[in-house]
Amino acid sequence: MDKDVHQGFETLAIHAGQEPDLTTGAVVPPIHQTSTYKQDGVGLLRAGYEYSRAGNPTRTALEVCLAEVEGGARGLAFASGLAAEDTLLRALCRPGDHVIIPGDAYGGTYRLFTKVAEPWGLVQDPVPLGDLDAVRAAVRPETKIIWVETPTNPLLGIADLAALASVAHEAGALLVVDNTFASPYLQRPLTLGADVVMHSTTKYIGGHSDTVGGALVTASAELGERLAYYQNAMGGVAGPFDCWLTLRGLKTLGVRMDRHCANATAVADMLSGREEVRSVLYPGLPEHPGHGIAAKQMKAFGGMVSFRMGSEEEAVRVCESTKLFILGESLGGVESLIEHPGRMTHASAKGSPLEVPGDLVRLSVGIEDVDDLLRDLERAITAATR
Ligand SMILES: *Cc1c(COP(=O)(O)O)cnc(C)c1O
């Protein structure tokens, strides 16, 4: 595509990788539901495709678009966020290598590192990434990756991406950023020095809670080529229909994200004013310890809000008392969700260094009418603390 004409985020999200179909003119890339492709002679591929694990046109459309919206050289789509993470680890690490992970990493990431990668030989250290001295102190000669989430799940901690990129590169390691919570609309880690961005496209990019997927985007074409080799060799690819749904979601990411942020801000403000709520964790609040860094590296503060009720019983009751906020795991869809991380998404971290507080409630604030969301939460808090 002509870069001089199309440069804005929404323009890229709607058009990058999605030229109208050459044979039919279809404006939307078709779902190429095929496993294989006719060759015009032995080894003579018509459009570069031979087998859909190695490549599929619907997946290519998504992969090109993901690379463009993240400002990267190469995008790769996977069957899930965890499949993307696993592929990345196998491509970059060998047994004996060391990885620094966030002190409050996503539970599934922590499980992948400790239960799957550790028995294979990877050594990992959870470190609070907001503390740069702690990160520097944890670096070893065999450190290959500093793995970052910002904002973190579920505590909404903020890490300084540009500073961590310097620490990683001084150590000869790569900076990998799980950008699921912010989405490329709010934060582009590759422009701040990161080497790889990872996504659970299940969340904001897909945006409609109707498909599971993952992605990797690399700053360099060379690393992208290496990861593409592992993507095909390991086989955790996204199917054509899932790619099509994800691409359709990506087109509206910008407008959805604006509303997620506006609604989350209103929810965080309301919660801050309730005396039954002990504390509110939202990087948009001026008193949040990461507010300054978030304001510097993010366009806005996202749609996730967590809060602490002071007791586990009350937190559980709030989760069970909302009518509009649906009790469920996952996040990033148009509908609002509520959950109790200690017993749901982060139950597998119980007893580990990543255990989350029992009185914590996590909200994925959707894009419904904000007055309805506020009324639902206020009523639930009143009912739960009566
Ligand atoms: C959901 C999630 C993942 C895992 O992605 P899946 O698509 O569920 O495999 C990784 N990181 C974060 C921050 C997530 O929220």
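This report walks through two sheets, some helices that pack on them, and a ligand site in a predicted model.

Local features here need pLDDT of at least 70 and side-chain atom pairs count only at pLDDT 80 or more, while totals for chains, interfaces and linings use all residues. Residues are numbered from 1 along each chain as its sequence is written, and side-chain values use heavy atoms, leaving out hydrogens and water.

**The seven-stranded sheet**

Let us start with an open sheet of 7 strands in the order S3-S9-S8-S7-S6-S4-S5, with mixed pairing. Strands (E, at least two residues) and helices (H or I, at least four) are DSSP runs numbered from the N terminus, and two strands pair if DSSP finds at least two bridges between them. Strand S3 (74-78) and strand S5 (123-127) stand at the edges with a single partner strand each, so one side of each has no neighbour in the sheet. From one strand to the next, the twist averages 20 degrees.

Three of the pairings are set out here.

| Strands | Sense and bridges | Opposite residues |
|---|---|---|
| S6 (143-149) and S7 (174-178) | parallel, 5 bridges | Ile146 and Leu175 |
| S3 and S9 | antiparallel, 5 bridges | Phe78 and Gly214 |
| S8 and S9 | antiparallel, 5 bridges | His199 and Ala215 |

How many residues of S9 are buried? The count is 5 of its 5 residues, where buried means under 20% relative accessible area (1.4 Å probe, protein chains only), exposed over 50%, and partly exposed in between. In a regular strand the side chains alternate between the two faces of the sheet. In S9, Gly214, Leu216 and Thr218 point one way, and Ala215 and Val217 point the other way.

**Helices on this sheet**

Helix H2 (residues 57-70) lies across S3, strand S8 (196-200) and strand S9 (214-218), at about 130 degrees to S3. Such angles run from 0 to 180 degrees between N-to-C directions, with axes fitted to C-alpha atoms, for helices over the stretch in contact. Helix H4 (residues 107-120) also packs on the sheet, where it touches strand S4 (98-102), S5, S6 and S7, contact meaning heavy atoms within 4.5 Å. The direction of H4 makes about 155 degrees with that of S5.

Helix H6 (residues 161-170) has Leu161, Ala163, Leu164, Ala165, Val167 and Ala168 as its buried residues. These pack against helix H5 (132-138), S6, S7 and helix H11 (291-297). At the start of H6, a side-chain oxygen of Asp160 comes within 3.3 Å of the backbone nitrogen of Ala162. Just after H6, Gly172 has a positive phi of about 70 degrees.

**The ligand site**

Now to the ligand, which is surrounded by 14 residues, each with a heavy atom within 4 Å of it. The closest are Gly81, Asp178, Ser200, Thr202 and Lys203. A backbone N or O atom of Gly81 lies 2.9 Å from a ligand oxygen atom, and a backbone N or O atom of Leu82 also lies 2.9 Å from an oxygen atom of the ligand. The side chain of Thr202 has an N or O atom 2.8 Å from an oxygen atom of the ligand.

**The five-stranded sheet**

Another open sheet has 5 strands in the order S10-S11-S14-S13-S12, again with mixed pairing. Its edge strands, S10 (279-281) and S12 (326-327), each pair on one side only. S12 and strand S13 (residues 337-339) run parallel over 2 bridges, and Ile326 stands opposite Leu337. Helix H10 (residues 253-272) lies across S10, strand S11 (304-308) and strand S14 (360-364), running at about 10 degrees to S11.

Definitions and conventions:
A polar contact is a pair of N or O atoms within 3.5 Å; within protein, one must be able to donate a hydrogen and the other to accept it, and residues adjacent in sequence count only if both atoms are side-chain atoms.
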